[in-house]
Amino acid sequence: MSLLEVSGLHAAYGPVRVLHGLDFVVDEGEIVVILGANGAGKTTTLRSLSGTIPVDGEVRFDGAPIAGRKPEDIVRLGMAHVPQGRGTFMDLSVDDNLRLGGYTRPVSEVEEDKAHWYEVFPRLAERRDQAAGSMSGGEQQMLAVARALMCRPRLLLCDEPSLGLAPLVVREVFERLAEVNQRSGTAVLLVEQNANLALGIASRAYVLENGSIVMSGSADELSEDEAIRRAYLGM
Ligand code: ATP
């Protein structure tokens with residue numbers, strides 16, 4: 001049994017159908033990337049999993065059906081979502097953002113977890129009293145990831161962490177994601193247009209086009225695929 005099992009996933013915004021029956025899985029502890037161009041349905045896929053939009057089809061997390069459940073229930077079951085645009089509270093300090101991220105945890109564990117993530121993200125430790133909104137884009141992205149990790153998820157959903165960041169910063173964000181995965185065994189489902197770096201840290205990938213999965217395989221296989229190289233790797 002995989003940690004996340006999705007079959008026949010459909011989603012729509014009103015009359016506009018966006019996802020047309022997706023089937024995919026994420027195993028415990030692995031990093032999986034969904035690649036796709038603008039408008040392919042990547043964000044919608046993550047929203048479907050985290051309960052923020054209504055869906056049809058089957059979504060099982062750790063064996064339990066979760067389609068149709070409320071977002072806060074899904075967080076409590078162990079799936080955390082880092083949305084595009086990052087979802088941090090801009091007026092609050094880094095420290096308060098992390099504390100809020102741990103809202104599902106017993107208070108006694110929150111300080112311990114903050115200390116742990118400050119160790120993994122030293123830049124956040126240096127800026128713990130700074131307002132989130134006054135930090136750089138890369139720092140805000142790391143805060144968004146750390147905040148989501150505060151609920152000790154077994155699966156982290158990450159929506160285009162490279163968006164709007166300079167190449168060097170993107171590299172650092174991806175390195176941190178890989179480190180988090182290795183240190184805590186948290187599985188990561190990443191959606192990205194930046195295939196180069198995403199395939200570099202993922203073990204497997206799916207390619208989404210117009211709301212359907214058109215290709216899947218190991219990250220190594222897809223990195224070497226001619227069509228993928230042309231469409232997503234700029235080669
Ligand atoms: P991008 O890489 O540009 O973020 P994406 O692959 O994440 O794209 P989605 O954001 O999932 O794509 O959008 C898929 C389709 O759904 C697009 O055609 C988009 O216009 C449409 N869509 C997204 N959000 C809404 C909404 N709230 N209401 C109506 N249509 C929407």
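**Exercise 1.** In this predicted model, classify Leu100 as buried, partly exposed or exposed, and state which surface patch contains Leu100.

*Solution.*
Step 1. The relative accessibility of Leu100 is 38%.
Step 2. Buried requires under 20% and exposed over 50%, with partly exposed in between. Leu100 therefore counts as partly exposed.
Step 3. Leu100 belongs to helix H3, residues 94-101.
Step 4. Together with Phe89 and Leu92, Leu100 makes up a nonpolar surface patch of about 240 Å² accessible area.

**Exercise 2.** Determine how many residues of helix H1 are buried, and describe the backbone just after H1.

*Solution.*
Step 1. Helix H1 spans residues 42-50.
Step 2. The buried residues in H1 are Lys42, Thr43, Thr44, Thr45, Leu46, Ser48, Leu49 and Ser50.
Step 3. That is eight of the nine residues, so H1 is largely enclosed by the rest of the structure.
Step 4. Gly51, just after H1, has a positive phi of about 85°.

**Exercise 3.** Characterise the shell around the ligand by composition, and list polar contacts with ligand oxygen atoms.

*Solution.*
Step 1. The ligand is surrounded by 14 residues, the closest being Asn38, Gly39, Lys42, Thr43 and Thr44.
Step 2. H1 supplies the largest share of this shell, four residues.
Step 3. By class, four shell residues are nonpolar, seven polar and three charged.
Step 4. A ligand oxygen lies 2.8 Å from a backbone N or O atom of Gly39. For Glu160, a side-chain N or O atom is 3.1 Å from a ligand oxygen. For Gln193, a polar side-chain atom is 3.3 Å from a ligand oxygen.
Step 5. The protein buries 61% of the 640 Å² that the ligand exposes when taken alone.

Note on methods. Residues are numbered from 1 along each chain as its sequence is written. This is a predicted model: local features need pLDDT of at least 70, side-chain atom pairs count only at pLDDT 80 or more; totals for chains, interfaces and linings use all residues. Side-chain values use heavy atoms; hydrogens and water are left out. Patches are made of residues with over 30% relative accessible area and no salt bridge: like charges are joined within 9 Å, nonpolar side chains (Val, Leu, Ile, Met, Phe, Trp, Tyr) within 5 Å. Accessible areas come from the Shrake-Rupley method with a 1.4 Å probe; for residues, only the protein chains shown count as cover. A salt bridge is a side-chain nitrogen of Lys or Arg within 4 Å of a carboxyl oxygen of Asp or Glu. Helices (H or I, at least four residues) and strands (E, at least two) are DSSP runs, numbered from the N terminus. Buried means under 20% relative accessible area, exposed over 50%, partly exposed in between (1.4 Å probe, protein chains only). A residue is near a molecule or strand if one of its heavy atoms lies within 4 Å of it. A polar contact is a pair of N or O atoms within 3.5 Å; within protein, one must be able to donate a hydrogen and the other to accept it, and residues adjacent in sequence count only if both atoms are side-chain atoms. Ala, Val, Leu, Ile, Met, Phe, Trp, Tyr, Cys and Pro count as nonpolar, Asp, Glu, Lys and Arg as charged, and the others, Gly among them, as polar.
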